[in-house]
Amino acid sequence: MRVLLIGANGYLGRFVADRLLADPAVQLTALGRGDDADVRFDLASGSPGALTRFLDAVHPGVVVNCAGAIRGGARELTRHNTVAVATVCEALRRSGCGARLVQIGCGAEYGPSQPGSSTAEDAVPRPGGPYGVSKLAATELVLGSGLDAVVLRVFSPAGPGTPAGSPLGRLAEALRRAMQSGDGELKLGGLGVQRDFVDVRDVARAVHAASLSAAQGVINIGSGRAVRLRDAAAVLARVAGYGGNLHELDGPPGPVRPPIGHPRGEADHAAPVAYPYPDGCGSWQQADVRTARDRLGWRPRINLEESLADIWMEAACRI
């Protein structure tokens, strides 16, 4: 099976590439903007016609799209998350390869949900920010394309390679700095939110399973369990061996809330900083993952403690 992987150098894409390369039945071709891609192509600016010609030449059986942007303004997010997917869909429609499309969506497409609930695929999406809107628009393009396609709505990925700017990445960096400086107290803000963390290697397994399956539509990929960020911080401190105190700053989420790991000082409560979990999903998110189990034969295998230990291992290497 020849697989064309778009976005192989991204956070998720690197692990998807490793998983697919481990399958001896897969012939992998990577397409992306970087110099180390097999083929250089920018989905946000390239034409569907050019991509169609490449598809007809390579003739993949599956196209996996892991490309996209998680930060930036509405225009940039739309260009990389929506326009880029429109290019992929149009190129596949024009091509004679008949490839199956596996599109990586995200839990932010659903927006806020009721605390204590599990969000299933039939929930009405109400994204609370431009990122979720841009990804939802991409999902709608895929579902309306008429292609053999599946969208994997990945909730909150964690594990090795976690971006330093993400909440878990920022927690690890704050702990690293505290341990490096011998600080016995670490002030943390914005830890009340609860998210469904799923290890990036489990996400890669789901992509592999979706590539081989006939499943279509939307499938949630998560752990099925919401975890409070303060609990994740406590586990991260334990695996890091941090003996100091974690002091959670009081106050509701908002534009004046100090960020994770903000240094102590008189101006703490006046610092004009962003809320540390700006994904537009409110205080709670938990996936209903029964569809992934039933249609892909997939279950998460790696627990959050292992994911956090791997995040810390990478952060500790910077000491």
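Here is a short friendly exchange about a predicted model and the reasons behind some of its structural labels.

Me: What makes helix 3 and helix 4 roughly parallel?
Reply: Happy to walk through it. Helix 3 (residues 74-94) and helix 4 (residues 130-143) pack at an angle of about 10°, with their axes 9 Å apart. Angles under 35 degrees count as roughly parallel, so helix 3 earns that description relative to helix 4.

Me: Which residues meet there, and how do they divide into nonpolar, polar and charged?
Reply: From helix 3 the contact includes Leu-77, Val-85 and Cys-89, and from helix 4 it includes Tyr-131, Lys-135 and Leu-141. The residues of this contact divide into 11 nonpolar, 4 polar and 1 charged.

Me: Why is the pair Arg-100 and Asp-148 called a salt bridge?
Reply: Their side chains meet at 2.7 Å, N to O. The cut-off is a side-chain nitrogen of Lys or Arg within 4 Å of a carboxyl oxygen of Asp or Glu, so the label applies. A search of the whole structure finds 14 salt bridges.

Me: What does the pair of Arg-100 and Asp-148 tie together?
Reply: Arg-100 lies in strand 5 (residues 100-106), while Asp-148 is in the loop between helix 4 and strand 6 (149-154), so the pair links parts that are 48 residues apart in sequence.

Me: What makes strand 3 and strand 10 edge strands?
Reply: They belong to an open sheet of 7 strands in the order 3-2-1-4-5-6-10, with parallel pairing. Strand 3 (39-40) and strand 10 (217-221) each pair on one side only.

Me: How do you know that strand 2 and strand 3 pair?
Reply: Pairing needs at least two bridges. Strand 2 (residues 27-32) and strand 3 are joined by 2 bridges and run parallel, so they qualify. Leu-31 stands opposite Val-39 in strand 3.

Me: Why is one side of strand 7 left without a neighbour in the sheet?
Reply: This one concerns an open sheet of 3 strands in the order 7-9-11, where the pairing is mixed. Strand 7 (156-158) and strand 11 (226-228) are at the edges with a single partner strand each, so one side of each has no neighbour in the sheet. Strand 9 (residues 194-199) and strand 11 run antiparallel and are joined by 3 bridges, and Asp-196 has Ala-226 as its bridge partner in strand 11.

Me: Where is the pLDDT below 50?
Reply: The chain averages a pLDDT of 90, and 90% of the residues score at least 70. Values are below 50 over residues 251-259 and over residues 262-276.

How values were computed. Residues are numbered from 1 along each chain as its sequence is written. This is a predicted model: local features need pLDDT of at least 70, side-chain atom pairs count only at pLDDT 80 or more; totals for chains, interfaces and linings use all residues. Side-chain values use heavy atoms; hydrogens and water are left out. Helices (H or I, at least four residues) and strands (E, at least two) are DSSP runs, numbered from the N terminus. Axes are lines fitted to C-alpha atoms, for helices over the stretch in contact, and angles run from 0 to 180 degrees between N-to-C directions. Angles under 35 degrees count as roughly parallel, over 145 as roughly antiparallel, 65 to 115 as roughly perpendicular and the rest as oblique. Contact means heavy atoms within 4.5 Å. Ala, Val, Leu, Ile, Met, Phe, Trp, Tyr, Cys and Pro count as nonpolar, Asp, Glu, Lys and Arg as charged, and the others, Gly among them, as polar. pLDDT is the predictor's confidence in each residue, from 0 to 100.
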